[in-house]
Amino acid sequence: MDGEFYQRDTACLALSDGTVFFGKGIGATGEIVAELCFNTAMTGYQEIMTDPSYAGQVVTFTFPHIGNVGVNPDDDEAACPVAEGMVFKWDPTEPSNWRSADRLSGWLAGSGRIAIGDVDTRRLTRSIRRHGAPHVALAHNPKGEFDIEALVGKARDFSGIEGMDLAAKVTCAQTYLWDESRWVWPDGYGRQPEKRYRVVAVDYGAKRNILRCLASVGCEVTVMPATSTAKDVLTHGPDGVFLSNGPGDPAATGEYAVPMIRDIVDEGLPVFGICLGHQMLALALGAKTIKMNHGHHGANHPVKDLETGKVEITSMNHGFAVDRETLPDDVHETHVSLFDGSNCGIRLRDRPVFSVQHHPEASPGPQDSFYLFERFAMSMKR
């Protein structure tokens with residue numbers, strides 16, 4: 001195997017442990033190095049690929065029908081794909097959906113993203129569950145020529161997401177206003193009907209539908225870069241502050257974000273966080289975060305609201321979690337995962353400050369968790 005090139009199919013996925021998967025290359029050509037995770041959602045591959053929280057990751061889809069509804073500009077959660085690549089079982093089928101505007105393969109090629117099909121994703125997923133999210137090199141070469149030893153070496157040399165501040169790579173470049181509201185049949189996306197609350201959304205990799213949900217409950221949303229200071233935020237005179245989702249290690253991004261969050265909390269403003277925002281709020285309140293074995297990525301995760309006893313079906317995408325054992329006495333745990341018992345929500349006992357680990361805007365329930373946006377609005381009204 002030393003230095004030789006092997007002629008097998010047109011794509012190759014090399015894991016850091018030396019395991020190699022061959023398949024059919026789709027989308028852009030070239031190679032990338034990233035962390036590999038799996039997602040169990042049955043729909044939403046386009047939203048997953050454009051979710052900024054997947055920066056630095058290749059996604060294995062456990063559901064085999066990928067590409068069957070094509071792609072369209074309305075379903076993008078960011079301006080272009082952010083996940084590094086895709087792995088799936090079957091080749092993408094021809095789109096069969098009235099909303100389709102392009103084929104998945106063309107969309108990937110135009111966005112510079114690599115995919116590999118015809119892979120035993122069941123075997124790959126079982127490996128990830130047993131051994132944790134591996135570092136991988138994914139290559140697409142139409143001639144089927146791959147230096148396997150070099151690819152495995154690149155996967156082994158990858159430093160990993162732990163310790164990486166990826167939010168700085170996906171955040172907005174400058175402050176902007178958002179007024180688009182949620183999608184409603186048959187009109188599609190609308191415009192904010194009424195502006196009742198001024199909200200600053202700090203963008204660590206914000207999904208567009210989160211901003212739409214804020215607008216739909218009456219928030220006039222000002223989106224600001226991840227590196228914004230408390231002074232920057234308060235200049236806009238917000239009634240509340242939203243901390244968005246995003247990729248990477250919360251402790252790394254927290255180097256500059258946590259001091260800002262602490263100052264905002266001290267101001268007494270309502271604060272609402274999702275995903276990375278949840279993790280960094282926990283850090284700001286004195287807790288710690290931990291890297292998970294393979295994380296939670298899917299659209300069918302049951303979460304229990306400990307305050308009401310209600311079980312919500314949620315969408316999740318995170319590789320880090322808040323360590324409940326480190327929560328201070330003034331921080332109450334509000335939600336837990338019914339899959340593994342990990343923390344999924346917190347709130348301050350004496351102030352309107354709360355956050356969740358899951359994605360209420362992703363509509364997996366489909367509306368089980370929309371009350372969180374309404375709760376945020378009510379906290380600003382009070």
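User: How much space lies in the largest cavity?
Analyst: About 150 Å³. A cavity here is a set of points, on a 1 Å grid over the protein atoms alone, where a 1.4 Å probe fits but cannot get out. The points are joined across faces, edges and corners, and the volume is the space filled by probe spheres set on them. This is a predicted model, in which local features need pLDDT of at least 70 and side-chain atom pairs count only at pLDDT 80 or more, while totals for chains, interfaces and linings use all residues. Residues are numbered from 1 along each chain as its sequence is written, and side-chain values use heavy atoms, with hydrogens and water left out.

User: How many cavities of 30 Å³ or more are there?
Analyst: The structure has three of them.

User: Back to the largest cavity. Which residues lie nearest its centre?
Analyst: Ser53, Gly248, His318, Gly319 and Phe320, out of 17 lining residues. A lining residue has an atom within 4 Å of a point.

User: Which elements give two or more residues to that lining?
Analyst: Helix H9 (276-284), strand E17 (288-305) and strand E18 (311-323). E18 gives the largest share, four residues. Helices (H or I, at least four residues) and strands (E, at least two) are DSSP runs numbered from the N terminus.

User: What does the lining of the largest cavity have by class?
Analyst: Six nonpolar, nine polar and two charged residues. Ala, Val, Leu, Ile, Met, Phe, Trp, Tyr, Cys and Pro count as nonpolar, Asp, Glu, Lys and Arg as charged, and the others, Gly among them, as polar.

User: Is H9 mostly covered or uncovered?
Analyst: Mostly covered: nine of its nine residues are buried. Buried means under 20% relative accessible area, exposed means over 50%, and partly exposed is in between (1.4 Å probe, protein chains only). The buried residues of H9 include His278, Gln279 and Met280. After H9 comes glycine 286, with a positive phi near 110°.

User: Which residues other than glycine have a positive phi?
Analyst: Aspartate 118 is one of them, with phi near 65°. Aspartate 118 sits in the loop between E7 and helix H3 (121-131) and is exposed, at 53% relative accessible area. Serine 363 is another, with phi near 60°. Its loop runs between E21 and H10, and serine 363 is partly exposed at 29%.

User: New topic. Which strands close into a barrel?
Analyst: Seven strands do, in the order E2-E3-E7-E6-E5-E4-E8, with mixed pairing. Two strands pair if DSSP finds at least two bridges between them. From one strand to the next, the twist averages 35°; axes are lines fitted to C-alpha atoms, for helices over the stretch in contact, and angles run from 0 to 180 degrees between N-to-C directions.

User: In which sense do E3 and E7 pair?
Analyst: Antiparallel, over four bridges, with E3 covering residues 20-27 and E7 covering 114-117. Glycine 27 is opposite isoleucine 114 in E7.

User: Why is E14 called largely enclosed?
Analyst: Because six of the seven residues of strand E14 (residues 219-225) are buried.

User: Which strands does E14 pair with?
Analyst: Strand E10 (residues 176-178) pairs with E14 in the antiparallel sense over three bridges, and tryptophan 178 has valine 221 as its bridge partner. Strand E13 (residues 197-203) runs parallel to E14, joined by seven bridges. There, alanine 201 is partnered with valine 223.

User: How many disulfides are there?
Analyst: Zero. A disulfide is a pair of cysteine sulfur atoms within 2.5 Å. For cysteine 12, the nearest cysteine sulfur belongs to cysteine 37, 19 Å away. Cysteine 12 is buried, at 0% relative accessibility. For cysteine 219, the nearest is that of cysteine 213, 10 Å away; cysteine 219 is also buried at 0%.

User: Where are the prolines with cis peptide bonds?
Analyst: One is proline 186, after tryptophan 185, with omega near 0°. Proline 186 lies in the loop between strand E11 (180-184) and strand E12 (188-191). Another is proline 366, after glycine 365, with omega near 5°. Proline 366 lies in the loop between strand E21 (353-356) and helix H10 (371-381).

User: Is proline 73 buried or exposed?
Analyst: Exposed, with a relative accessible area of 57%. Proline 73 is in the loop between strand E5 (57-61) and strand E6 (85-87).

Notes:
1 Å grid on protein atoms, 1.4 Å probe; cavity = no way out; pocket = protein on both sides within 12 Å on 5 of 7 lines; lining within 4 Å.
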